[in-house]
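User: Could you take a close look at one part of this structure for me, and then show me how the rest is put together? I'm new to this, so plain language would be great.

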Amino acid sequence: MKSLYSKFLLVTILTMIASSLIAFLLTNTYYHQVTKPKNDAKNITIAKSIVKPISESTSFKLKQYLQTMGNVGYQIYLVDEDYKESFFGGKYRLKNLSHKQVDQVLNGEVYHGMRNLPQETFVTGFFANELSNTVGVPFHYQGKAYALFLRPDIKLLFSEVHTIMGGWFLFMVIISLIAMLFFAKLLIKPITELTFATGRIADERFDTPLSIERRDEIGQLAASFNTMMQRLEENNQMRREFISNVSHDFQSPLLNIQGYAGLLENKSLSPEDQQKYLEIIQSETHRLSNLTKQLLLLTSLDQTSQRAKRENYLLDQQLKRVIQKYRWLLDERQINLSMALEPVSYRGDESLLENVWENLLTNAIKYNQPSGEIDISLVSSEKGITIMIKDTGIGMDTQTIKKAFDRFYRGNESRGKDGTGLGLSIVEKIVHLHSGQIEIESKLAKGTAFKIFLPHL
């Protein structure tokens, strides 16, 4: 499998090659369409300026003058009307002018060899050292017709430029590749660290925080990865505690049922002891059944696909039905209950919210003082609905309030005698499914108030 580094290197090199080819083709097109005609016209102007003083003077040293022009950077081909030819300056690689082209210049026409040179795929016209790649102008000297063909001596004029440009291009490519390799390594390094850390997480090892301090997208990814790893560690710890608590809470009632069932096998037990043991077994069975139901409900609420099934119903009537359901328990504990419920229609999951009111009301009864009080209020506003359930029970300290919604947390001994520690976790989960909020206000020995806010949706 190719590494990301090798892929990045390959793509970069291919991109450089492709961009160079495309740039060269564009430059070639520009040369043929724009530069070549201008170059032809420029050299014709130079050739005319060279022959002008020859035509105007009768005592001109022609060959010496043309040799001087050749020495300053031009390749000159001279032909007279008798086809006697001379060369000045640099040598031509290919002598491919036809007699017809020479005759045209001798007859007074201008030769546009640079402009009319056949187009090539590459920019060869500028560098082709051929007689056909010249410009030709006519002139007369001492009564004879001459044709002068000229082109710049590229080797003489541009050899230093070629060296500089070639060196510049070579160093540019080398430095670009080295820089690309260096920055690619810097770019790939944090991804390699992320891959290593991901492997450790797959092995449930969450002790590898990433020390990538960058302000770009990779830095943001590393920060998100560290946050995810921290939460996974917390969830893993919660899962272990959850399994431990579930095992303990199932084991205790099962051991009690098993123990008292064994005691019932004793034939010498009195009817009173038998009844007492049967009541304990029944109580533990009820506790085990309640724990199972709450675990199933909590698991269902934890599913990502779980959504509150919203429908309109009368919330105040639901609260009254729940209160009526536990009226016998209020009378048994001699607890006074007062309520102020505004008629409210709410769109929510009726069955889930009934679990909320039952949990909070039974807690208010269970942990209340003998002959205590419970106040329930329901107020509607433009933003939402506020439900308050307040009791005069044993209350909670600050530590208990902070952990009240943790699963299997039971607080102090007086609160944890027969509870499962799941009720308030279920309450919080259901309230959040309705985009609501729940708050606790409590003081030891003075009571507890649960305030739930459900927004209109």
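Analyst: Let's start with Thr134, which is found in the loop between α4 (113-116) and β4 (135-141). The names α and β stand for helices and strands, taken as DSSP runs (helices are H or I with at least four residues, strands are E with at least two) and numbered from the N terminus. Keep in mind that this is a predicted model, where local features need pLDDT of at least 70 and side-chain atom pairs count only at pLDDT 80 or more, while totals for chains, interfaces and linings use all residues. Residues are numbered from 1 along each chain as its sequence is written, and side-chain values use heavy atoms, with hydrogens and water left out.

So is Thr134 buried or exposed? With a relative accessible area of 0%, Thr134 is buried (buried means under 20%, exposed over 50%, partly exposed in between, with a 1.4 Å probe and protein chains only). Its contacts, meaning heavy atoms within 4.5 Å, give you a picture of the surroundings. Setting aside neighbours within four places in sequence, Thr134 is in contact with Tyr92, Tyr111, His112, Gly113, Met114, Phe149, Leu150 and Arg151. Take Arg151 from that list: Thr134 and Arg151 are 17 residues apart along the chain, yet their C-alpha atoms are separated by 5.1 Å.

Staying around β4, have a look at Gln142. This residue sits in the loop between β4 and β5 (144-152). At 59% relative accessibility, Gln142 counts as exposed. Gln142 also has a positive phi of about 55°, although it is not a glycine. As background, most residues other than glycine have a negative phi.

Now zoom out for a moment. The whole protein has 12 helices and 12 strands. Of its 457 residues, 37% are buried. If you take the contacts in the protein with a separation of 6 or more, 68% of them come from residues 24 or more positions apart.

Leu378 is another buried residue, with a relative accessible area of 0%. Its place is in strand β9 (residues 373-380). Not counting residues up to four places away in sequence, Leu378 touches Leu315, Asp316, Leu319, Ala340, Leu341, Glu342, Val344, Ile385, Thr386 and Ile387. Leu378 and Met388 are 10 residues apart in sequence and 6.7 Å apart in space, C-alpha to C-alpha.

Leu315 and Leu319 turn up again in helix α8 (residues 315-325), where they help make a contact with α10. Helix α8 and α10 pack at an angle of about 45°, with their axes 10 Å apart (axes are lines fitted to C-alpha atoms, for helices over the stretch in contact, and angles run from 0 to 180 degrees between N-to-C directions). On the α8 side, the contact is made by Leu315, Gln318, Leu319, Arg321, Val322, Ile323 and Lys325, and on the α10 side by Glu350, Leu353, Glu354, Trp357, Glu358 and Leu361. These divide into seven nonpolar, one polar and five charged residues (Ala, Val, Leu, Ile, Met, Phe, Trp, Tyr, Cys and Pro count as nonpolar, Asp, Glu, Lys and Arg as charged, and the others, Gly among them, as polar).

Helix α10 also meets α12: their axes come within 9 Å and cross at roughly 140°. Here Leu352, Leu353, Asn355, Val356, Asn359, Leu360 and Asn363 of α10 meet Gly423, Leu424, Val427, Ile430 and Leu433 of α12. This contact has eight nonpolar, four polar and no charged residues.

And α12 has another partner. Helix α7 (residues 271-302) packs with α12 (residues 423-433) at an angle of about 30°, with axes 10 Å apart. From α7 come Gln294, Leu297, Leu298, Leu301 and Asp302, and from α12 come Gly423, Ser425, Ile426, Lys429, Ile430 and Leu433. That makes six nonpolar, three polar and two charged residues.

Which residues of α12 are buried? They are Gly423, Leu424, Ser425, Ile426, Val427, Ile430 and Val431, and they pack against α7, α10 (350-366), β11 (437-443) and β12 (447-455). Just after α12, Ser435 takes a positive phi of about 60°.

Last stop: Ala445, in the loop between β11 and β12. At 60% relative accessibility, Ala445 counts as exposed. Its phi is near 65°, a positive value in a residue other than glycine.
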